[in-house]
Amino acid sequence: MTSKPLREWSSEELRVLSDAIEIEVSASRGDGGFGRWTTIWVVVAGAEVFVRTWHRRETGWYGGAVRSGAARVRVGDTTVDVTVEAIGDTDAATVDAAYRSKYGDLAARSMVTAEAAASTLRLIPRR
């Protein structure tokens, strides 16, 4: 089976994700289905989309997304299938700044720790 080709986020998708306070994510399961929807924060830095977790790294949406390398994200009426790339603390300062800018220093403090930075995932849209 051939995987779907990757694509770049459109400027409209980036705007919607940047404006959204929260999105929903559902990790791909081994049986080809998707798990339950979980509400998370999302940031946009340049033309890339990032998410992090501050707990439950082996289970839940995060563990499933890392294991499968795929997820589905939803904001409003828009749902996009994504490839999930674990980048760890690569570009941590840039992603930290995006979290602080979007959510404020106080609210974002749990998302800009070294532990949270190590959990950074890049979301890449699929066709």
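Which residue in the turn of the hairpin formed by strand 5 and strand 6 has a positive phi? Select glycine 76: its phi is about 60 degrees, and two residues separate the strands of this hairpin. Strands (E, at least two residues) and helices (H or I, at least four residues) are DSSP runs numbered from the N terminus.

The model is predicted: local features need pLDDT of at least 70 and side-chain atom pairs count only at pLDDT 80 or more, while totals for chains, interfaces and linings use all residues. Residues are numbered from 1 along each chain as its sequence is written, and side-chain values use heavy atoms, with hydrogens and water left out.

**The sheet**

Show the strands next. Seven of them form an open sheet in the order 2-1-5-6-7-4-3, with antiparallel pairing; two strands pair if DSSP finds at least two bridges between them. Strand 2 (38-40) and strand 3 (43-45) each have a single partner strand, so they stand at the edges with one side lacking a neighbour in the sheet. From one strand to the next the twist averages 40 degrees; axes are lines fitted to C-alpha atoms, for helices over the stretch in contact, and angles between N-to-C directions run from 0 to 180 degrees.

Now step through the strand pairs.

- Select strand 1 (residues 23-27) and strand 5 (residues 70-75): they run antiparallel and are joined by four bridges. Alanine 27 has alanine 71 of strand 5 as its bridge partner.
- Add strand 6, which is antiparallel to strand 5 and joined to it by six bridges. Here valine 73 is partnered with valine 80 in strand 6.
- Strand 6 pairs in turn with strand 7 over five bridges, in the antiparallel sense. Look for alanine 86 opposite leucine 121 of strand 7.
- Strand 7 is joined to strand 4 by three antiparallel bridges, and valine 49 stands opposite leucine 123 in strand 7.
- Finish with strand 3 and strand 4, an antiparallel pair with three bridges. Valine 43 has phenylalanine 50 in strand 4 as its bridge partner. In this hairpin, with two residues between the strands, glycine 46 takes a positive phi near 65 degrees.

**The helices**

Select helix 2 (residues 60-68). Helix 2 packs on the sheet, touching strand 1, strand 2, strand 4 (48-51), strand 5, strand 6 (78-86) and strand 7 (121-125), and its direction makes about 55 degrees with that of strand 1. Contact means heavy atoms within 4.5 Å. Within helix 2, Trp61, Tyr62, Gly63, Gly64 and Ala65 are buried; buried means under 20% relative accessible area, exposed over 50%, and partly exposed in between, with a 1.4 Å probe and protein chains only. Just after helix 2, glycine 69 has a positive phi of about 75 degrees.

Helix 3 (residues 92-103) lies across strand 3 and strand 4, at about 125 degrees to strand 3.

In helix 1 (residues 11-19), select aspartate 19. Aspartate 19 counts as exposed because its relative accessibility is 52%. Measure from there to serine 68: the C-alpha atoms are 27 Å apart in space, and the residues 49 apart in sequence.

**The pocket**

Last, select Thr39, Ile40, Thr53, His55 and Trp61, the closest to the centre of the largest pocket among its 16 lining residues. Strand 2 and helix 2 each supply at least two residues of this lining. A pocket is an open set of points on a 1 Å grid over the protein atoms alone, where a 1.4 Å probe fits, with protein on both sides within 12 Å along at least five of seven lines; lining residues have an atom within 4 Å of a point.
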